[in-house]
Amino acid sequence: MLKLFQSKFKLAAGVSVSNLDGISEGFSVQPTNQGYSVITINVSADKLQNIYLGLCALVAAPAYAIVEIPTNQADEIKLREKPTDPLHKDVYYLDGISFDIYKQIFWAYSQLFIDDGGVTFGFGSHTGRDEVFVGRYKLVHIYADSPEKYLQYLKLQKYPRREPLRTVFDNFSPQSPGSTKAITVNGKTVYDLIEILKQKGFYFAERRES
């Protein structure tokens with residue numbers, strides 16, 4: 001029965017993982033020395049939109065949205081002197097918004113957010129530490145001064161707590177790699193998406209090593 005449950009874990013269209021042994025939905029909670037907690041969640045791709053938005057609804061307003069995309073190839077060629085140099089990502093924010101506004105934006109472009117392998121994104125409060133973030137390989141992280149509201153939500157959604165939680169990163173090795181790729185939805189990529197989001201008020205914040 002355990003194998004049957006694990007086999008149902010689905011990856012986003014732009015994510016490839018050669019070994020899903022031991023990967024199932026669930027979460028773990030780790031306190032930090034800075035006084036906040038980090039909740040890590042495995043969410044199957046077919047549930048990611050609903051679970052993500054359900055978590056975002058708990059973020060205290062006013063809030064911000066964050067979107068990160070891989071730096072375009074032309075700029076990467078200029079930034080990297082050798083193949084071992086790190087790749088980069090471009091970070092965009094939209095400040096001072098409500099969840100309802102964010103939800104409308106997310107819904108409009110949800111397939112790109114959920115299925116593109118390169119985009120990472122989140123929604124966080126301007127007050128305290130209170131952020132939901134979908135990172136690489138669509139692993140969900142929550143950073144919270146007060147994690148109880150999120151733990152209650154996960155409990156209501158029947159997500160089991162697993163300590164430790166096994167994620168796809170635990171299964172990666174030279175013999176068992178993972179990879180991500182860009183996707184196109186209705187002729188648009190995440191680079192088109194960013195141009196649309198900039199018209200809605202998103203602004204470029206920084207370029208980071210990824």
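Biologist: Why is Asp 85 called buried?

Modeller: In this predicted model, Asp 85 has a relative accessible area of 16%. Buried means under 20%, so Asp 85 counts as buried.

Biologist: What makes Lys 82 and Asp 85 a salt bridge?

Modeller: Their side chains meet at 3.0 Å, N to O. The cut-off is within 4 Å, so the pair qualifies. Lys 82 is at 46% relative accessible area; partly exposed runs between 20% and 50%, so Lys 82 is partly exposed.

Biologist: How do you know that Asp 90 and Arg 207 meet in a salt bridge?

Modeller: The N to O distance is 2.6 Å, and the limit is 4 Å. Asp 90 is in strand 5 and Arg 207 in strand 10, 117 residues apart. Asp 90 is buried at 5%, whereas Arg 207 is partly exposed at 34%.

Biologist: Which parts does the pair of Glu 68 and Arg 208 tie together?

Modeller: The two side chains meet in a salt bridge of 3.0 Å, N to O. Glu 68 lies in strand 4 and Arg 208 in strand 10, so the pair ties together parts that are 140 residues apart in sequence. Glu 68 and Arg 208 also belong to a network of salt bridges with Lys 89 and Glu 206.

Biologist: Why is strand 10 called an edge strand?

Modeller: The open sheet of eight strands has the order 2-3-8-7-6-4-5-10. Strand 10 (203-209) pairs on one side only, as does strand 2 (26-31).

Methods. Residues are numbered from 1 along each chain as its sequence is written. This is a predicted model: local features need pLDDT of at least 70, side-chain atom pairs count only at pLDDT 80 or more; totals for chains, interfaces and linings use all residues. Side-chain values use heavy atoms; hydrogens and water are left out. Two strands pair if DSSP finds at least two bridges between them. Helices (H or I, at least four residues) and strands (E, at least two) are DSSP runs, numbered from the N terminus. Buried means under 20% relative accessible area, exposed over 50%, partly exposed in between (1.4 Å probe, protein chains only).
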